[in-house]
Amino acid sequence: MSPMVIPSDTAARLDKCTLEKFGYEFLGWFSDAEMKVACDTIESGSTGERVFYAKWHALPNTVNFNANGGTGSMNSVTADTDTVITLPLNTMTREDCTFMGWTTVLGGTEVEYADGAEFTMQSHGVTLYAVWKAQSYTISYDFAGGELPGAVTEYSHLTNSFTLGVPTREGYEFVGWSGTGIEGIQRTVMIPTGSKGERSYTANWQAKTHTIVFERYETYVEGTMNELSAKTGETIVLTANCFVNQGYVFKGWATEPNGAVTYTDGQTITIGPVSMTLYPVWELKTPGLVFEGHYVIGYTGSSTEVIVPTYYQG
């Protein structure tokens, strides 16, 4: 408020209070800070500066309690602005939930006031909403050799509906889940809102079919071989070598051109997660031949019978 300027020979009534204090009612002006002497006028003949004090009366406000999804009710509490009160203990309930405390936000999850906590009455009415923590249940998995990063492992009856993810496993195709609430195998499993209880699921797989190709690689190698088909994890016997390379002895199979022997002729193997191509590995029948480019120019061995590979004959 603006100061009042009053001539000393004039009596005046104090201006009406235009100040506001939320949650309070103005009771009048007082000439002392202790609010003992009320005064609403200045008498004629008064001199000097004067200070007057506004006196306020706290207004009553109400605290209401909302179950926020729960059941039951509680009586409101009334107290004057800025008065410290003790909140009554909660008597409301919510199915499969634990009461955690109170919040001033509808639907809020952050506790602002504990049960039975002290509360300073605000300058207006307020509603406190119950904060609930739902009972949680676990979901366990047997991925049977596969994996599912980020799989949901915990939920409650308040959790939004969700669908189990699709796991992966190298060399296999996912065919579905078996477990809680499922008859047989089901590829898509949805957990609807309101579901309860511990759950357990097992991933079911079908082995993929792969091919084994026998690649003669070099054009001068003669013969053909049919490819093999088998499923991941299946045990098979490799077809005996049918390729012919004049002047060379077949030593086994490599998994890359000009590679070292990985599998021997007719070896029993277990099929991995992917198809593969096998390449024949050869060894000269007559060690000691000296080559220059594609020509045999000498022999340093001791054999009386020298076999020159077909490719190098010319």
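What is the volume of the second largest pocket? In this predicted model, with residues numbered from 1 along each chain as its sequence is written, the second largest pocket has a volume of about 170 Å³. Local features were accepted at pLDDT of at least 70 and side-chain atom pairs at pLDDT 80 or more, whereas totals for chains, interfaces and linings use all residues; side-chain values rest on heavy atoms, with hydrogens and water left out.

A word on how that volume is defined is helpful here. The search runs on a 1 Å grid over the protein atoms alone, and a pocket is an open set of points with protein on both sides within 12 Å along at least five of seven lines, unlike a cavity, where a 1.4 Å probe fits but cannot get out. Grid points are joined across faces, edges and corners, and the volume is the space filled by probe spheres set on the points. Lining residues are those with an atom within 4 Å of a point. By that criterion 13 residues line the second largest pocket, and Y217, E218, N258, P280 and W282 lie nearest its centre. Strand 20 (248–254) and strand 22 (276–284) are the elements that give two or more residues to this lining, and strand 22 provides the largest share, three residues.

Turning to the chain as a whole, the model contains zero helices and 24 strands, where helices (H or I, at least four residues) and strands (E, at least two) are DSSP runs numbered from the N terminus. Of the 314 residues, 33% count as buried; the classes are buried under 20% relative accessible area, exposed over 50% and partly exposed in between, with a 1.4 Å probe and protein chains only. The accessible surface comes to about 19,000 Å², and carbon and sulfur atoms hold 48% of that area, as computed by the Shrake-Rupley method with a 1.4 Å probe. Contacts, meaning heavy atoms within 4.5 Å, often link distant parts of the sequence: among those with a separation of 6 or more, 57% are between residues 24 or more positions apart.

The largest nonpolar core has 19 residues, and V63, F65, L87, W102, F119 and L128 have the most contacts inside it. Such a core is a set of buried Ala, Val, Leu, Ile, Met, Phe, Trp, Tyr and Cys residues joined through side-chain atoms within 4.5 Å. Strand 5 (60–66), strand 8 (97–103) and strand 10 (126–134) each supply at least two of the core residues, with the largest share, five residues, coming from strand 10. Leaving out residues up to four places away in sequence, L87 touches F65, W102, Y113, A114, G116, A117, F119 and L128. One of these partners, G116, sits in the loop between strand 8 and strand 9 (118–120) and is partly exposed at a relative accessible area of 27%. With the same sequence limit, G116 touches T86, L87, P88 and L89. The C-alpha atoms of G116 and N90 are 7.8 Å apart, although the two residues are separated by 26 positions in sequence.

Two strands meet at a polar pair. S178 belongs to strand 14 (residues 172–179) and N204 to strand 16 (residues 199–207). Their side chains are joined by a polar contact of 3.1 Å, that is, a pair of N or O atoms within 3.5 Å in which, within protein, one must be able to donate a hydrogen and the other to accept it, residues adjacent in sequence counting only if both atoms are side-chain atoms. S178 counts as buried because its relative accessibility is 19%, and N204 counts as buried at 19% as well. Beyond four places in sequence, S178 touches G184, S200, Y201, T202 and N204, while N204 is in contact with E173, F174, V175, G176, W177, S178 and I185.

Loop residues offer a further view. N241, in the loop between strand 19 (235–237) and strand 20, is buried because its relative accessible area is 17%. Its side chain reaches the backbone nitrogen of F243 at 3.0 Å, and its contacts beyond four places in sequence are M225, F250, W253, D265 and W282. A38, by contrast, is exposed at 56% relative accessible area; this residue lies in the loop between strand 2 (24–30) and strand 3 (41–42) and touches W29 and F30, not counting residues up to four places away.
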